[in-house]
Amino acid sequence: MLGQLVVNGLLMGSVFALIASGLAFIYGPLNLVNFAHGDLLMTSMFVAFLCADKLHVNILLALPITFLVMGIIGLLDYRFLVRPVLQAPRLAQALTTHGFGVGLQALALFFMGPDFRMISNVTFRGSLSVANLNVGMARLMAGLAGAASFALLYVFLKYSKTGKAVQAIAMNREAATLIGIDLERMYALSLVISMLCTGVAGVFLSQFYYIFPVVGPPLLSMAWVAMVIGGFGSMPGAFIGGLIVGLTQAFGGFFMNPVLKDAIIYVVFVGLMAFRPRGLFGW
Amino acid sequence: MLRSRGGYWLLLLIGLVLPLVITPSFYRHIMTMTVMYACLAEAWNIVGGYCGQIALGNVVFFGLGAYSSALLVTKFGLSPWLGLLVGIVVSATVAAVIGWASFKTSGIYFAIATLGIGELARTLFVSWTWAKGSVGIEMPILPSSLLNFQFQGARLPYYYMILGLLVLFFWLVTKIGASRFGYYLRTINISEVAAEAVGVDVLRYKMLAFVLAAMMTSVCGTFYCQYLLYIDPWSVFPSAISMTMLFITVFGGSGTPIGPVIGAMILIPLGELTRGALGGQGKGIDLFLNATLMIAVTILEPRGVLQLMRRLPWRKERTHEQTA
């Protein structure tokens, strides 16, 4: 049973980590907290849902379609909402991104209605049994996709020139401009990458998760906690943080009242803030 | 922000007379909610507007105020006024703990911590069976009197009580704004490092602002509970109320005493009336309107509608006027 909990926790944690790295990709270079992130995740889940329900395509085709839609949303978001408030006070930024999120919720409510939906013709069916562990295929794939995307992002940041440029901006904007990095392009790129992370997470989540207009905020909270546990802006930190959140949720839900499983995470979070305020991997 | 004191008195006069002119109880309810949200936003204004700390979980204190009075009345048969005081003490304590844990680091940790506390509080109250969990608490019907904090079927007494509270809060925020404490808060808002450098005890004043806001919010919570006579975790702990406080303040003009009042006067009736006109269809049109306004105000003028009006072309001669 313990092994089962660990596996479930790690798989879900890997998805949280992916959502959290999407957040980190905006917070690092743009120095902006994206309150619409959960609702963007909801949007990508609905895109995946429509792909399966209306176009009857499997996940291999749903993924590029979602990428395309989320990429376009990311560019529009940057051009019309994020860029005007980049220099504004944090409060104004918070309100703009929150407003965008509420707008997405309203659109989802308007076009899709408030019902809980699930994809009926999912690509990943059944479950995998190894030893006495039993893992749903959809969850397994989501966990693997999270880890794989995360590895890809890490390699991109660490070894590609563009990735290094993104990191340079996160460290010091002025210095980055001085050595000839085009801020505008890097900002747009970071936002699009963040949207792609959301796309992967949304498509794989939609294989086994309920889809409804306000699915975003609770998932976003988990991702936030993951990011803070790891230390803001640290990519390996975000991954470990995601796994910790996943494990805490799995164990908390099993050993205590399931209603309290999210509550435990916040308690861990507040405790950590008090005693290790910069996170486990923060500077 | 308004040109003179006369403007404030005029607003107060309108506030006093309006429910006597427009009598249907639906509209009186909207007025009561408008004034209550103005009070909530005024409280938020101290920690968010003056001190610049993005508190996203102030609804916790609203809920604690509501539950304190509800539990004291239903479980121990005590007066709701005692509940009001207990709510204030509990909220202040909780605020002090949250502040202690999260003010050590930069602002964004505080924002996320407070957001988390809001969710945590609702979860706890849903699963707390002694406090009736998700069923909610129905207040017993007591004879109408100020002592019982109940006026059966009458909306006017509630309205004038909350209006009185708003006048008190407005006066308090004005006083704070002009005091040494207010200058400390604004300094912290502009730059914590600079504040520290000139000798302001940043942590202490952030805590004070947060605790004060919590106490004020708690009073509104008790009022809400006595006004509706029924509460459940979803109605008094939704994160939407926290966001509304922030939105109203920024919309009207954060860091000014009149901003929250103006913001609430525009946004709450607008929200209630659009919901009334279009609502019940679950189509989210009122949500969409809200979202559009949020984005519009921050992109056009992050200092709020009062500043926006000042920028209108036919008022150009006043643009170089003192803004604070």
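**Close-ups of a predicted two-chain model**

**View 1. An exposed histidine, H56(A), in a loop of chain A.** H56(A) has 9 C-beta neighbours inside 10 Å, so this residue counts as exposed. Keep in mind that the whole model, this spot included, is predicted. Where does H56(A) lie? Look in the loop between α2 (37–53) and α3 of chain A. There is a twist to the backbone here too: the phi of H56(A) is positive, about 55°, even though H56(A) is not a glycine. For background, most residues other than glycine have a negative phi.

**View 2. A leucine with a positive phi, L229(B), in chain B.** Now hop over to chain B, where L229(B) sits in the loop between α9 (202–228) and β2 (230–231). Its phi is near 60°, which is again a positive value in a residue other than glycine. Is L229(B) buried, exposed or partly exposed? It counts as partly exposed, because 16 C-beta neighbours fall inside 10 Å, and a residue needs 20 or more to be called buried.

**View 3. Two helices of chain A, α1 and α8, packed against each other.** Packed helices are described by the angle between their axes and the distance between those axes. Here the pair is helix α1 (residues 2–30) of chain A and helix α8 (residues 183–205) of chain A. Their axes are 9 Å apart and make an angle of about 170°. Angles over 145 degrees count as roughly antiparallel, so that is how α1(A) and α8(A) are related to each other.

**View 4. The residues where α1(A) meets α8(A).** Zoom in on the same helix pair and pick out some of the side that α1(A) brings, including V15(A), L18(A), I19(A), F25(A) and P29(A). Across from α1(A), the residues of α8(A) include M186(A), Y187(A), L191(A), C197(A) and F204(A). How many nonpolar, polar and charged residues does this contact have? Sorted by class, there are 16 nonpolar and 5 polar residues, and no charged residues.

**View 5. The place where chain A touches chain B.** Chain A puts 38 residues into this contact, and chain B puts in 37 residues. On the chain A side, the elements giving two or more residues are α3 (59–85), α4 (90–112), α9 (216–230) and α11 (261–275). Which of them gives the largest share? That is α4(A), with 15 residues. By class, the chain A side has 28 nonpolar, 7 polar and 3 charged residues.

**View 6. Chain A as a whole.** Chain A has 11 helices and 2 strands. Reading from the N terminus, you meet four helices, then the two strands, then helices again to the end of the run. Its C-alpha atoms fill a box of roughly 60 × 45 × 35 Å along the principal axes. The radius of gyration is 18 Å, which agrees with the value near 19 Å for a compact globule of 283 residues. Buried residues make up 52% of the chain. Of the contacts with a separation of 6 or more, 77% are between residues 24 or more positions apart.

**View 7. Chain B as a whole.** Chain B has 14 helices and 2 strands. Its radius of gyration is 20 Å, close to the 20 Å from the globule rule for 324 residues, so chain B is as compact as a globular protein of that length. The C-alpha atoms of chain B fill a box of roughly 55 × 50 × 40 Å along the principal axes. In this chain, 47% of the residues count as buried.

Note on methods. Residues are numbered from 1 along each chain as its sequence is written. Chains are lettered from A and ligands numbered from 1 in the order in which they are written. This is a predicted model: local features need pLDDT of at least 70, side-chain atom pairs count only at pLDDT 80 or more; totals for chains, interfaces and linings use all residues. Two residues are in contact if their C-beta atoms, placed from the backbone, lie within 7 Å. Ala, Val, Leu, Ile, Met, Phe, Trp, Tyr, Cys and Pro count as nonpolar, Asp, Glu, Lys and Arg as charged, and the others, Gly among them, as polar. The radius of gyration is taken over C-alpha atoms; the globule rule is 2.2 Å times the number of residues to the power 0.38. A residue is buried if 20 or more other C-beta atoms lie within 10 Å of its own, exposed if 12 or fewer, and partly exposed in between; C-beta atoms are placed from the backbone. Axes are lines fitted to C-alpha atoms, for helices over the stretch in contact, and angles run from 0 to 180 degrees between N-to-C directions. Angles under 35 degrees count as roughly parallel, over 145 as roughly antiparallel, 65 to 115 as roughly perpendicular and the rest as oblique.
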